[in-house]
Amino acid sequence: TFSGGINVKTPILPRDLDYVTVKPSPPPDAHLGECVPRKPLLSPSGFYYQNQWMSTSCNVRRFNTPETIINCLHGKNVYIFGDSTIRQWFEYLTEFVPDLR
């Protein structure tokens with residue numbers, strides 16, 4: 001068990017295997033289908049590749065330009081509630097898409 005300040009620098013030794021096998025990440029699959037509510041998630045649910053989340057259960061929509069964000073949000077009201085993390089996201093969004101109202 002972890003005890004703060006006591007065993008932070010204690011090495012964790014392997015019990016059985018003394019190596020780790022790293023398998024290559026699968027390429028994005030165009031046949032996964034759209035991400036929709038209540039779609040079952042696989043485990044693991046995905047991985048990061050080149051700073052983007054790659055889902056293993058569906059194709060995640062990408063919003064790489066202000067235009068794609070505006071098109072997605074057109075005609076919608078967005079209410080944002082949360083903590084400082086949501087505040088940072090809001091500040092990023094309003095800076096990335098200055099015409100967003």
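Here are four short exercises on the structure above, each with a worked solution.

This is a predicted model, where local features need pLDDT of at least 70, side-chain atom pairs count only at pLDDT 80 or more, and totals for chains, interfaces and linings use all residues. Residues are numbered from 1 along each chain as its sequence is written, and side-chain values use heavy atoms, with hydrogens and water left out.

**Exercise 1: the hairpin**

Work out how S1 and S2 are joined, and which residues in their loop have a positive phi.

Solution. Start with the vocabulary: strands (E, at least two residues) and helices (H or I, at least four) are DSSP runs, numbered from the N terminus. Two strands pair if DSSP finds at least two bridges between them.
- Step 1: S1 and S2 run antiparallel, and four bridges join them. Look for Gly46, which sits opposite Ser55 in S2.
- Step 2: the hairpin has two residues between its strands. Gln50 and Asn51 are both found in the loop between S1 and S2.
- Step 3: now check the backbone angles. Phi is near 50 degrees for Gln50 and about 65 degrees for Asn51. Neither Gln50 nor Asn51 is a glycine. Most residues other than glycine have a negative phi.
- Step 4: add accessibility (buried means under 20% relative accessible area, exposed over 50%, partly exposed in between, with a 1.4 Å probe and protein chains only). Gln50 is exposed because its value is 64%, and Asn51 is exposed too, at 77%.

**Exercise 2: the disulfide**

Find the cysteines that form a disulfide, and say which parts of the chain they link.

Solution. The rule is simple: a disulfide is a pair of cysteine sulfur atoms within 2.5 Å.
- Step 1: by that rule you get one disulfide. Its partners are Cys35 and Cys58, with sulfur atoms 1.8 Å apart.
- Step 2: the link is right-handed, with 90 degrees about the S-S bond.
- Step 3: the pair ties together distant parts of the chain, 23 residues apart: Cys35 is in the segment before strand S1 (46-49), and Cys58 is in the loop between strand S2 (52-55) and H1.
- Step 4: Cys58 has a relative accessible area of 9%, so it is buried, whereas Cys35 is partly exposed at 34%.

**Exercise 3: the aromatic pairs**

Sort the two aromatic pairs by the way their rings are arranged.

Solution. Rings of Phe, Tyr and Trp (its six-membered ring) pair if their centres lie within 6.5 Å; planes under 30 degrees apart count as stacked, over 60 as edge-to-face and the rest as tilted.
- Step 1: the structure holds two such pairs. Tyr48 and Trp53 have ring centres 5.1 Å apart and planes at 70 degrees, so they are edge-to-face.
- Step 2: Tyr92 and Phe96 are stacked, with 5.5 Å between centres and 10 degrees between planes.
- Step 3: both Tyr92 and Phe96 lie in helix H2, four residues apart, which is about one turn of the helix.
- Step 4: Tyr48 is exposed because its relative accessibility is 62%. Trp53, at 31%, is partly exposed, and Phe96 is partly exposed at 25%.

**Exercise 4: Asn77**

Locate Asn77 and decide whether it is buried or exposed.

Solution.
- Step 1: Asn77 is in the loop between helix H1 (66-73) and helix H2 (84-96).
- Step 2: its relative accessible area is 65%, so Asn77 is exposed.
- Step 3: pick out Arg101 as well. Asn77 and Arg101 are 24 residues apart in sequence and 9.6 Å apart in space, C-alpha to C-alpha.
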